[in-house]
Amino acid sequence: MEKKNIDWSSIGFGYMPTDYRYVSNFKDGKWDEGTLSTDPNIVLNECAGVLQYSQSVFEGLKAYTTEDGHIVTFRPDLNAERIAASAARLEMPVFPKERFIDAVNQVVKANAAWVPPYGSGATLYLRPYMFGSNAVIGVKPADEYQFRILTTPVGPYFKGGAKPITIRVSDFDRAAPCGTGNIKAGLNYAMSLHAIVDAHKQGFDENMYLDPKTRTKVEETGGANFIFVTKDGKVVTPKSDSILPSITRRSLIYVAKEYLGLEAEEREIYFDEVKDFAECGLCGTAAVISPVGKINDHGKEICFPSGMEKMGPVIQKLYDTLTGIQMGRIEAPEGWIHVIE
Ligand SMILES: Cc1ncc(COP(=O)(O)O)c(C=O)c1O
C-alpha cells in the first residue's frame, strides 16, 4: 500500500481530513449496520439534541506503525468501555464494544495510507464520537444518534524534545461535585475553554484543577491526568471520582509495577504534598507523558528537582517503556496491542 505523499515529520497536532470515516446511525431503538463514508460533512436539523443540549461524548486513540511494519492500535477495548460509560451517563444508547473495535479496525484499514510510518514521530489519531441528532426542544435526551470515527494524522506532541512545561493552579473548576468529570463529554471541555485561554494569556501552558468540593486535592488538567514521583522513587497518581479515568495513566501504573519494579499507587493527593515530590508529569494519549517543571500557585512557585530542561529519570523510563510497547520494540502485556494489518 502506497503511503500518502506527506512530510510526516513536519506535521503538527491538527485536523487533516483523510479518505474515510466510519458512520452508524441509531434510530427506532437500534443501530444500523454502519458504513465507511468519504463525506467529511454532517448535515443536521437546526434543533438537533447536540446543538441544543450538548448531548455528545467522544474518545481519542491512535494507530501506530510498529518497528516490524504492522499497523496497530493500543487498548481500543478500554476506549469502547469508556465511551459506553460516557454515553450511559448522558442517557445515550451504548455503541456495543465489539462493534466499536470492529469500526476502529475498518476505519484504520481504509485509511492505511494515512498511517504515518515507523520512526516519523507521527501517528494516526482516531476520534470516535457520538451525538444526539434528531430535533429536541424540551429538555430531554434525543431519540436518534450518530456514532462516527474520524481519523487524522498527527505529529509528535513535542517538537524537538520533551521540554517541561509550567502550569498554574486554576481558580476555575472543570467539573462539579457528583457531576460529569469522570466521563468524556464535550460539555466538560466547553467548561475548560475559558480557563485554558486565560492560562495561556497569563503565560502558563495548562491548568491544574483541584477537587471541586474542597479545593485541597489534585484532580487533573483540561486534557490529561497527573502522575507524580516521590523522592523515594514511588509513582503516585490522583484517585478521584471527578477525573477522567485515563487509559495512559492506568497503563503507566501497570508498567511502573510490572516492567520497572517500582511501587505505584493511586490515591487521594493533597495539593500540600505536591511541593515534596521529585517529578511531575501529565499523561494522556496525545503526549504519553509531558513533564511539568513548575507549578504556580497564585504567585508561589513549586519547582521540581527534575528542572526545566528535561524529563525526570523515572518519568523518562515510564515514557520509554510505554512508547516501546506501543511501537512494538518491547513485548506488550496480553491484549494491549491490536494488530490491524
Ligand atoms: C480530561 C482528560 N483527562 C485525561 C485524559 C487522558 O486520557 P487517555 O490517557 O485515555 O488519553 C484526557 C485525554 O483523553 C482528557 O481529555
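**Around the ligand**

Visitor: What makes arginine 82 a polar contact of the ligand?

Guide: A polar side-chain atom of arginine 82 lies 2.8 Å from a ligand oxygen. A polar contact is a pair of N or O atoms within 3.5 Å, so this one qualifies. Mind you, this is a predicted model, where local features need pLDDT of at least 70 and side-chain atom pairs count only at 80 or more, while totals for chains, interfaces and linings use all residues. Numbering runs from 1 along each chain as its sequence is written, and side-chain values use heavy atoms, with hydrogens and water left out.

Visitor: Which polar side-chain atom lies 2.5 Å from a ligand oxygen?

Guide: An N or O atom of tyrosine 189 does, and threonine 285 also has one at 2.5 Å from a ligand oxygen. The protein covers 95% of the 380 Å² of accessible area that the ligand has on its own (Shrake-Rupley method, 1.4 Å probe).

Visitor: How do the residues of the shell around the ligand divide?

Guide: Into five nonpolar, seven polar and four charged. Here Ala, Val, Leu, Ile, Met, Phe, Trp, Tyr, Cys and Pro count as nonpolar, Asp, Glu, Lys and Arg as charged, and the others, Gly among them, as polar.

Visitor: Why is the pair of lysine 97 and glutamate 81 called a salt bridge?

Guide: Their closest N and O atoms are 2.5 Å apart. The rule wants a Lys or Arg side-chain nitrogen within 4 Å of an Asp or Glu carboxyl oxygen, so the pair passes. Lysine 97 lies in helix 3 (residues 97-110) and glutamate 81 in helix 2 (residues 76-89), so the bridge ties together parts 16 residues apart in sequence. Helices here are DSSP runs of H or I, at least four residues, numbered from the N terminus.

Conventions:
A polar contact is a pair of N or O atoms within 3.5 Å; within protein, one must be able to donate a hydrogen and the other to accept it, and residues adjacent in sequence count only if both atoms are side-chain atoms. Helices (H or I, at least four residues) and strands (E, at least two) are DSSP runs, numbered from the N terminus.
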